[in-house]
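User: Could you take a close look at one aspect of this model for me, namely the contacts between its parts? I would enjoy a connected account that I can follow with the viewer open.

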Amino acid sequence: MRRRAIGLLLLTLAAPAQAERQARGSLGEATYRQLDRAQTLMAEDQHADALTLLQPLVERAGNDYERAVVLQTLGYLYADQGQYARAIPPFEQALALDALPQQPYEQMLLALGQLLFAEGRMDAAIARFEQYFSEAGSDAGADAHLMLASAYADRKRFRDALPQVDAAIAKASAPKASWYQLKLGLHYELKQFPACAETLVALIALVPDDPQYWRQLSSVLFEIKRDRASLAVLALAARQGLLTQASEIRNLASLYLLLEIPQKAAQVLDDGIARGILASDEATLSRLGEAWIAAREYGRADDVMARAAAMAAGGERALRLAQVRIEDQRWAAALEALDQALQKGVPKPGEAQFLRGVAAFEAGDLQRAEQAFTAAMAHRERRQDARDWLAHLRQRAAETAAAAGSPG
C-alpha cells in the first residue's frame with residue numbers, strides 16, 4: 001500500500017501534564033539521562049546508536065510511566081526514519097500502559113492515528129483519531145480534523161467527513177486550497193451541488209487564476225439549472241483570459257446559443273479562431289456560420305459557410321449555404337451553392353433539386369427551374385412539391401403564350 005508522508009514532532013520529556021490525566025510515576029535520574037542522550041543522538045541523526053541505548057531501557061524501566069516514555073521515544077525514533085510500521089507497536093504499548101499525562105497522551109494518540117493513516121490502516125486510524133478527539137475536545141487542531149476527514153473520505157464515509165473538514169476550515173487562520181478541494185469532493189460524492197457551488201466560490205476567491213475552478217463552477221451552476229449564472233461565470237473567466245482551451249471556448253459559445261444570445265456566441269467563436277485557440281476547419285466554420293445565421297447576420301454567415309462548404313468532401317455544407325442565400329433572397333448565389341451541393345453529393349438530392357428550381361424561378365430562369373423540378377420528381381422527398389411547381393410553371397407558360405397570341 002502506498003505510504004503517505006507525514007511529519008511527527010518529537011515530544012519533549014518536560015511536556016506539562018493536563019488536568020484529566022496525571023503521570024503515573026516519574027522518571028528516575030538514570031533513565032532521564034539515558035533518554036536525554038538518546039534524543040541528542042536522534043537529533044544528530046545517529047539513530048542506530050540511539051536505538052542501542054533505548055531498547056534495554058524498555059525492560060529496565062522502574063515504573064509504567066518510565067516505560068511509556070521510553071516506548072514513546074522509541075516510536076518517534078522509528079517514525080523519524082520513516083519506519084512507520086515499526087513505530088506503531090511502541091506507541092500502542094505506551095498508550096496501553098495508561099501512564100502518561102494528558103498532553104503527551106493526546107499527542108501520542110494523534111501521532112498513532114497519523115502513522116496508521118500513513119500505513120493505509122484507515123479503520124484503525126479512524127479509531128485512534130476519534131479517541132484523540134474524545135480526549136482533546138475543542139482543543140483539537142485544524143490539521144487533526146482534516147486527517148480524520150481524509151480517513152473518513154477514504155472509507156467513503158462522506159457524511160462523517162464533511163463536519164470534520166468544515167471544522168478544519170473554521171479553525172484554520174488560512175485554510176489551504178486542498179482543504180476546500182476535499183470539501184468539494186465530498187459534496188460532489190453526496191450530490192450536494194448548491195454546496196459545491198459555494199465551495200467553488202470560496203476556491204475561486206482563494207485561487208482566482210486557476211481556470212479549473214471557474215469551469216467547475218459554471219458546470220455546477222448549469223447542473224442546478226442556473227443557466228444564466230453558469231454563463232456569467234464562464235464569460236467572466238473569458239474576460240480575464242482564463243479560457244485557453246478549444247473545449248472551453250466551444251462550451252461558452254454553446255451556453256450563449258442555449259440562452260439565445262447567438263451574436264455573442266458567434267463573437268466568441270470568431271475570437272477563438274482569431275486567437276488560434278480554435279482551428280479554422282470545416283466543423284468550426286460551420287458552427288460559426290450557424291451562430292451568425294441565428295443572429296440573422298447572413299452576410300457574415302455566408303462568408304464562413306462558403307469556406308466550410310469549400311472544405312467539405314460532401315455537399316451538405318453547400319446545401320446549407322444555399323438555404324442561407326435563399327433566406328437572404330440571393331437567388332443567383334443560391335443556385336451556385338446548389339450546383340456545388342449536387343456536384344459533391346447530398347443525402348437528399350430531391351431537396352436540393354427542389355430548392356434549385358425555386359431559386360431558378362425567382363431568378364427568372366424558368367427553363368432551368370423546370371429542369372430542376374423535373375429532376376426533383378425523381379426523388380420521393382419533394383416529389384409532390386415539385387409536381388405542384390411544375391403545374392404552376394406550365395399554367396403560367398400557357399397563360400403567357402395565350403396572352404402573346406391574342407389580338408392587341
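Analyst: Happy to help; here is a walk through some packing contacts and then the salt bridges.

This is a predicted model, in which local features need pLDDT of at least 70 and side-chain atom pairs count only at pLDDT 80 or more, while totals for chains, interfaces and linings use all residues. Residues are numbered from 1 along each chain as its sequence is written, and side-chain values use heavy atoms, with hydrogens and water left out.

Let's start with helix H4 (residues 84-96) and helix H5 (residues 102-118), whose axes come within 10 Å and cross at roughly 150 degrees. H4 is therefore roughly antiparallel to H5. Helices here are DSSP runs of H or I with at least four residues, numbered from the N terminus. The axes are lines fitted to C-alpha atoms over the stretch in contact, and the angles run from 0 to 180 degrees between N-to-C directions. Angles under 35 degrees count as roughly parallel, over 145 as roughly antiparallel, 65 to 115 as roughly perpendicular and the rest as oblique.

The crossing of H4 past H5 is left-handed (the near helix is turned anticlockwise from the far one by less than a right angle). On the H4 side, the contact (heavy atoms within 4.5 Å) is made by Tyr84, Ala87, Ile88, Phe91, Glu92, Ala94 and Leu95. H5 contributes Tyr105, Met108, Leu109, Ala111, Leu112, Leu115, Leu116 and Ala118. Sorted by class, the contact of H4 with H5 has 14 nonpolar, no polar and 1 charged residues. In this sorting, Ala, Val, Leu, Ile, Met, Phe, Trp, Tyr, Cys and Pro are nonpolar, Asp, Glu, Lys and Arg are charged, and the others, Gly among them, are polar.

Zoom in on Ala87 in helix H4. Ala87 is buried, at a relative accessible area of 0% (buried means under 20%, exposed over 50%, and partly exposed in between, with a 1.4 Å probe and protein chains only). Leaving aside residues up to four places away in sequence, Ala87 touches Gly75, Tyr78, Ala79 and Leu115. With Gly75, 12 residues away along the chain, the C-alpha separation is 4.3 Å.

H5 also meets helix H7 (residues 142-154): their axes come within 11 Å and cross at roughly 35 degrees. The crossing of H5 and H7 is left-handed as well. Here Leu110, Gln114 and Phe117 of H5 face Ala144, Met147, Ser150 and Ala151 of H7. The class count for H5 with H7 is 5 nonpolar, 2 polar and no charged residues.

Now turn to helix H1 (residues 29-43) and helix H3 (residues 64-80), which pack at about 10 degrees with their axes 11 Å apart. H1 and H3 are thus roughly parallel to each other. From H1, Thr31, Leu35, Gln39 and Met42 meet Glu66, Val69, Val70, Thr73, Tyr76, Leu77 and Asp80 of H3. This contact of H1 with H3 has 6 nonpolar, 3 polar and 2 charged residues.

Helix H8 holds Gln164, which is buried at a relative accessible area of 17%. Beyond residues up to four places away in sequence, Gln164 touches Phe133, His145, Leu148, Ala149 and Tyr152.

On to the salt bridges, each a side-chain nitrogen of Lys or Arg within 4 Å of a carboxyl oxygen of Asp or Glu. By this rule the count comes to 22. One of them joins Asp166 and Lys183, with the closest N and O atoms 2.7 Å apart. This pair links distant parts of the chain, Asp166 being in helix H8 (residues 158-171) and Lys183 in helix H9 (residues 177-189), 17 residues apart. Asp166 is partly exposed at 34%, whereas Lys183 is buried at 14%.

Arg215 and Glu248 also form a salt bridge, at 2.3 Å from N to O. Arg215 lies in helix H11 (residues 211-223) and Glu248 in helix H13 (residues 246-258), so the pair ties together parts 33 residues apart in sequence. Arg215 is partly exposed at 32% relative accessibility, and Glu248 is buried at 4%.

A further salt bridge, between Arg317 and Glu282, has an N to O distance of 2.8 Å. Since Arg317 lies in helix H17 (residues 316-327) and Glu282 in helix H15 (residues 282-294), the pair ties together parts 35 residues apart in sequence. Arg317 is partly exposed at 26%, and Glu282 is partly exposed at 25%. Finally, Arg21, Asp98 and Glu135 are linked in a network of salt bridges.

Definitions and conventions: Helices (H or I, at least four residues) and strands (E, at least two) are DSSP runs, numbered from the N terminus.
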